Amino acid sequence: MYALLNQERRFEEVPVAERIPAYERIADHLRQKIRAGDLAAGSRLSPHRVMADEYGVSEIIIRRAMDLLRTEGLIESRRGSGTFVRPSSPVRRISMDRYVADKGPQAELRTSFTKDQGIAWSQYRLDKAFAWIEADERLAGLFGVPVGTRVLERRFVFYASGAPSQLSRSCLLAADVEGTPVADPANEPWPGGNIGQLRSLGIEVNGDIIEETAVRMPTPEEAGLLGIGAGVPVFAIIRQMFSDGRVVEVADPIVIPGNRAVRIDRISV
């Protein structure tokens, strides 16, 4: 399909499309088929030798194309089984009203995350690690407290229906939560999330919730925890929750795979 160029042809005689390396052209062809649904999630790709014959190139070229698609998180290899199209599950993250779910009655087993994902509480799971730390300059600045202030640092991996979907480093002031059920990781996940937890302590999130969003490439650790390719960008969100004018929770960062999320901002004018 993409036969090698005739070495005797002058460069300027070669169509621009053919100047792109063969492995990139093959990867793009497969990428388009995946995005169009012609290669559905879970589909098994042909063996390298078969694809090499189909495209008229060497197996080395096919391996380079596969490496590129694997880095983008579009395919995955399973030992002894072959290479498959990875499933993707887009999430709608609504910035203006997503936390309404957390302000409901605590008897309701849901959070803003389960609302985003459209999953039941039974399909929601957290991996968590808690630690008491002293706020560095960055964290102290986000809280508006002195450097060295005691803080509860909580690192979460959020799972939806068994798939890792989001990371978060969420911090609370020790003065607010130390010695309370909120500081016990055994109580996670908590209905109503951070808002529900703080409300149980008499702290009402009644001011702003500010989110600052950047798009960047994941760290190797983030890519591994989320099960994404190193070439898949992520949303990196810094969040501050306010109560009576002071910051009561800082998330730095919340990390969401860019190929699974759509951020919607609603602006009234």
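Here is a short chat between a visitor and a guide about this predicted model.

Visitor: Let's start with confidence: what is the mean pLDDT of the chain?

Guide: This is a predicted model, so a confidence score comes along with each residue. Across the chain, 88% of residues reach 70 or more, and the mean pLDDT is 87.

Visitor: And which stretch has a pLDDT below 50?

Guide: Where pLDDT is low, the predicted coordinates should not be read in detail. The stretch in question has 16 contacts in the model beyond near neighbours in sequence. The pLDDT is below 50 over residues 2-12.

Visitor: How many helices and strands are there in the chain?

Guide: The chain has 269 residues, and 43% of them count as buried. Among contacts between residues at least 6 apart in sequence, 61% join residues at least 24 apart. As for the elements, the count is 9 helices and 10 strands.

Visitor: Which strands stand at the edges of the open sheet of 6 strands?

Guide: Reading across this sheet, the order is 4-5-6-9-8-7, with antiparallel pairing. An edge strand has a single partner strand, so one side of it is left without a neighbour in the sheet. That describes strand 4 (124-134) and strand 7 (209-216).

Visitor: By how many degrees are neighbouring strands of this sheet turned against each other on average?

Guide: The sheet in question is the open one with the order 4-5-6-9-8-7. Ignoring direction, the average turn between its neighbouring strands is 15°.

Visitor: How many bridges pair strand 4 with strand 5?

Guide: Strand 5 covers residues 150-160 and runs antiparallel to strand 4. One facing pair is Glu 134 and Arg 150, the latter in strand 5. The two strands pair over 11 bridges.

Visitor: Is strand 5 mostly covered or uncovered, and how many of its residues are buried?

Guide: A residue is buried here if its relative accessible area is under 20%. By that cut-off strand 5 is mostly covered, and the buried count is 9 of its 11 residues.

Visitor: What is the bridge partner of Phe 158 in strand 6?

Guide: Strand 5 and strand 6 run antiparallel and are joined by 10 bridges. Within strand 6, the partner of Phe 158 is Gln 166.

Visitor: Which residue in the hairpin of strand 5 and strand 6 takes a positive phi?

Guide: This hairpin has 2 residues between the strands. The residue we want lies in the loop between strand 5 and strand 6 (163-173). Its phi is about 55° although it is not a glycine, and it is Ser 161.

Visitor: Is Asp 244 buried or exposed?

Guide: Asp 244 sits in the loop between strand 8 (234-243) and strand 9. Its phi is positive, near 50°, in a residue other than glycine. With a relative accessible area of 69%, Asp 244 is exposed.

Visitor: Which residue does a cis peptide bond join to Asp 252?

Guide: The bond has an omega of about 0°. The partner has its place in strand 9 (residues 246-257). That partner is Pro 253.

Visitor: Where does Pro 189 lie?

Guide: Pro 189 is joined to Glu 188 by a cis peptide bond, with omega about -5°. As for its place, Pro 189 is in the loop between helix 7 (174-177) and helix 8 (193-200).

Visitor: Why do the buried residues of helix 4 line one face of the helix?

Guide: Helix 4 covers residues 59-71. Its buried residues are Ile 61, Ile 62, Ala 65, Met 66 and Leu 69. Seen down the axis of helix 4, they line one face because they fall within an arc of 135°.

Visitor: What do those buried residues of helix 4 pack against?

Guide: One of the partners is helix 2, which has 15 residues and reaches 21 Å from its first C-alpha to its last. Helix 2 has buried residues too, including Ile 26, Leu 30 and Ile 34. In full, the buried residues of helix 4 pack against helix 2 (22-36), helix 3 (48-55) and strand 1.

Visitor: Which glycine in the hairpin of strand 1 and strand 2 takes a positive phi?

Guide: Strand 1 (residues 75-78) and strand 2 (residues 82-85) run antiparallel, joined by 4 bridges. Glu 76 stands opposite Phe 84 in strand 2. The hairpin has 3 residues between the strands, and the one with a phi near 80° is Gly 80.

Definitions and conventions: Residues numbered from 1 in each chain as written. Predicted model: local features only at pLDDT ≥ 70, side-chain atom pairs only at ≥ 80, totals over all residues. Heavy atoms only, no water. Pairing = 2+ DSSP bridges. Axes fitted to C-alpha atoms, helices over the stretch in contact; angles between N-to-C directions. Expected span 1.5 Å × (residues − 1). Buried < 20%, exposed > 50% of the residue type's maximum accessible area, 1.4 Å probe, protein only. Arc of directions from axis to C-beta. Contact = heavy atoms within 4.5 Å. pLDDT = per-residue confidence, 0-100.
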